[in-house]
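Biologist: I should like to understand how the terms applied to this model are justified. Please take me through them one at a time.

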Amino acid sequence: MRIRSLEIQGFKTFPDKTVLQLQNGITAVVGPNGSGKSNLSDAVRWVLGEQNVRTLRCTKMEDVIFNGTPQRKAQGYAEVTLNIDNTDRALAFDKDEVAVTRRYYRSGESEYLLNHVAMRLKDINELFMDTGLGRDGYSIIGQGKIDAIVSAKSEDRREIFEEAAGISRCRYRKEDSERQLSAAEDNLVRLNDILAELK
Ligand code: ATP
């Protein structure tokens with residue numbers, strides 16, 4: 001799996017459609033302070049479903065939308081697409097090219113697309129689980145992340161190793177099943193109460 005390109009429009013410092021092509025090898029992004037270098041990694045985090053506004057260096061989700069300058073008016077929505085080469089099928093999706101898009105409007109409406117088809121955030125999270133790139137991934141190491149890992153509680157550190165070992169998906173499914181079981185048990189209790197009342 002390889003990221004081929006990142007398309008950004010209306011996200012933070014990028015009001016116009018901007019395409020960053022990632023060639024084989026190492027890509028370095030250089031620019032003056034405040035020009036938007038870190039906003040590129042924020043865009044990758046965001047398109048992969050990041051919900052924590054602090055991680056995105058914002059105070060509210062609307063802050064990811066280009067908020068205008070004296071010369072340019074603010075945009076109404078932000079959109080980011082991550083194009084991935086999936087010829088090795090590292091993502092459990094039977095296509096050589098995978099495009100994940102997230103769109104967010106000032107109204108608070110948001111959508112995720114997988115190869116132009118609307119998806120739930122849950123599906124995007126599951127797709128990237130165990131690849132290192134997803135929600136609990138370690139592919140993006142931001143400032144202070146190493147310190148945070150070293151000083152994290154052992155249970156939190158364990159999550160990073162679980163992702164690397166490829167068992168995050170199993171843990172996630174186990175937790176999901178436990179939630180469903182618990183909901184089913186609650187329903188049974190309610191049903192038994194109703195039955196007892198009817199007797
Ligand atoms: P440094 O080298 O100092 O770390 P950088 O190149 O990584 O800087 P970023 O942190 O990516 O820069 O970008 C910061 C800039 O992004 C700030 O100038 C900030 O005003 C701008 N910015 C953040 N959110 C928005 C937004 N919603 N609309 C317009 N500009 C924004």
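Modeller: Let us begin with a single pair: Asn83 has Ala99 in β4 as its bridge partner. This is a predicted model, in which local features need pLDDT of at least 70 and side-chain atom pairs count only at pLDDT 80 or more, while totals for chains, interfaces and linings use all residues. Residues are numbered from 1 along each chain as its sequence is written.

Biologist: What makes β3 and β4 paired strands?

Modeller: Two strands pair if DSSP finds at least two bridges between them, and a strand is a DSSP run of E with at least two residues, numbered from the N terminus. β3 and β4 are joined by 9 bridges and run antiparallel, so the criterion of at least two bridges is met.

Biologist: How do you know that β1 pairs with β2 and with β3?

Modeller: The strand β1, residues 2-9, has 4 bridges to β2 and 7 bridges to β3; both pairings are antiparallel. Ile8 illustrates this, with Thr18 as its bridge partner in β2 and Val80 opposite in β3.

Biologist: Why are β2 and β6 said to stand at the edges?

Modeller: The open sheet has 6 strands in the order β2-β1-β3-β4-β5-β6, with antiparallel pairing. β2 (18-21) and β6 (117-119) each have a single partner strand, so one side of each is left without a neighbour in the sheet. From one strand to the next, the twist averages 20 degrees.

Biologist: What makes α1 a helix that packs on the sheet?

Modeller: A helix is a DSSP run of H or I with at least four residues, and α1 covers residues 37-47. Contact requires C-beta atoms, placed from the backbone, within 7 Å; α1 touches β1, β2, β3 and β4. Its direction makes about 85 degrees with that of β3, where axes are lines fitted to C-alpha atoms, for helices over the stretch in contact, and angles run from 0 to 180 degrees between N-to-C directions.

Biologist: Which residues of α1 are called buried, and what covers them?

Modeller: Leu40, Asp42, Ala43, Arg45, Trp46 and Val47 are buried, a term that calls for 20 or more other C-beta atoms, placed from the backbone, within 10 Å of the residue's own. Their cover includes β1, β2, β3 and β4.

Biologist: Which strands does α2 touch?

Modeller: Helix α2, residues 121-128, packs on the sheet against β4, β5 and β6, and its direction makes about 45 degrees with that of β5.

Definitions and conventions
Contact = placed C-beta atoms within 7 Å. Buried ≥ 20, exposed ≤ 12 C-beta atoms within 10 Å, placed from the backbone.
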